[in-house]
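Please open the model in your viewer and keep the sequence panel visible beside it. The stops below are meant to be selected one after another.

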Amino acid sequence: MISPDLARRLHDAGLAWTPANGDRFWLPDRELEQEVFTVSDMVVEVRDYPTGRVLALNGTTEWALDTIEDHEAVWLPRLDQLLDRLGTHFLSLTARSGGHVVRLQVGEHQEDHVDLGAAAAAARAVLSLMERGRQM
């Protein structure tokens with residue numbers, strides 16, 4: 001998972017997001033910075049009873065936030081989602097000592113984006129393209 005800081009940079013740069021099942025996000029400025037939420041049609045709670053543990057399938061939970069506007073949520077995209085956003089610019093993802101490298105083709109030249117995690121390297125590549133005015 002990419003860092004909240006990197007996710008915030010993508011968010012602030014205007015990375016478009018259509019929430020879907022399995023997507024993760026966090027809510028800055030709501031005293032929930034330490035929580036990562038997952039979009040899901042169904043909530044599963046683990047409940048311990050004297051008779052044993054059960055998995056409770058719920059449509060919602062009582063403690064849930066009422067609603068939030070989508071622009072308040074900061075998406076934490078997965079590696080596959082980031083690579084998809086790179087489209088035809090993406091050339092390769094390789095592991096090397098101490099991290100990962102995403103190589104892009106941008107115009108006539110190639111460029112590398114490096115980070116410890118593969119998703120973070122891909123996020124840096126997406127951010128680089130966005131900062132050049134490319135739509136993602």
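The tour goes from overall confidence to a helix and then to a single side chain.

Begin by colouring the chain by pLDDT: this is a predicted model, and the protein chain averages a pLDDT of 89, with 92% of the residues scoring at least 70. Among its elements, strand E4 (residues 52-58) has the lowest mean pLDDT, 82, while the highest, 98, belongs to helix H2 (residues 79-86).

Next, select helix H1, residues 4-13, and show the side chains of Leu6, Ala7 and Leu10, which are its buried residues. When you look down the axis of H1, these buried residues fall within an arc of 100°, so they line one face of the helix. This agrees with a general property of the α-helix, whose 3.6 residues a turn make residues three or four places apart point the same way. Turn to the other side of H1 and you will find Asp5 and Asp12 exposed. To see what covers the buried residues of H1, add the elements that include strand E1 (24-26), strand E5 (74-76), H2 and helix H3 (118-131). Just after H1 comes Gly14, where the phi is positive, near 100°.

Finally, select Asp115, which lies in strand E8 (residues 109-115). Is Asp115 buried or exposed? Asp115 is buried, its relative accessible area being 17%. Its side chain makes a polar contact, at 2.4 Å, with the side chain of Arg124. If neighbours within four places in sequence are set aside, the residues in contact with Asp115 are Gly99, His100, Ala120, Ala121 and Arg124.

Definitions and conventions. Residues are numbered from 1 along each chain as its sequence is written. This is a predicted model: local features need pLDDT of at least 70, side-chain atom pairs count only at pLDDT 80 or more; totals for chains, interfaces and linings use all residues. Side-chain values use heavy atoms; hydrogens and water are left out. Helices (H or I, at least four residues) and strands (E, at least two) are DSSP runs, numbered from the N terminus. Buried means under 20% relative accessible area, exposed over 50%, partly exposed in between (1.4 Å probe, protein chains only). A polar contact is a pair of N or O atoms within 3.5 Å; within protein, one must be able to donate a hydrogen and the other to accept it, and residues adjacent in sequence count only if both atoms are side-chain atoms. Contact means heavy atoms within 4.5 Å. pLDDT is the predictor's confidence in each residue, from 0 to 100. The arc is that of the directions from the helix axis to the C-beta atoms.
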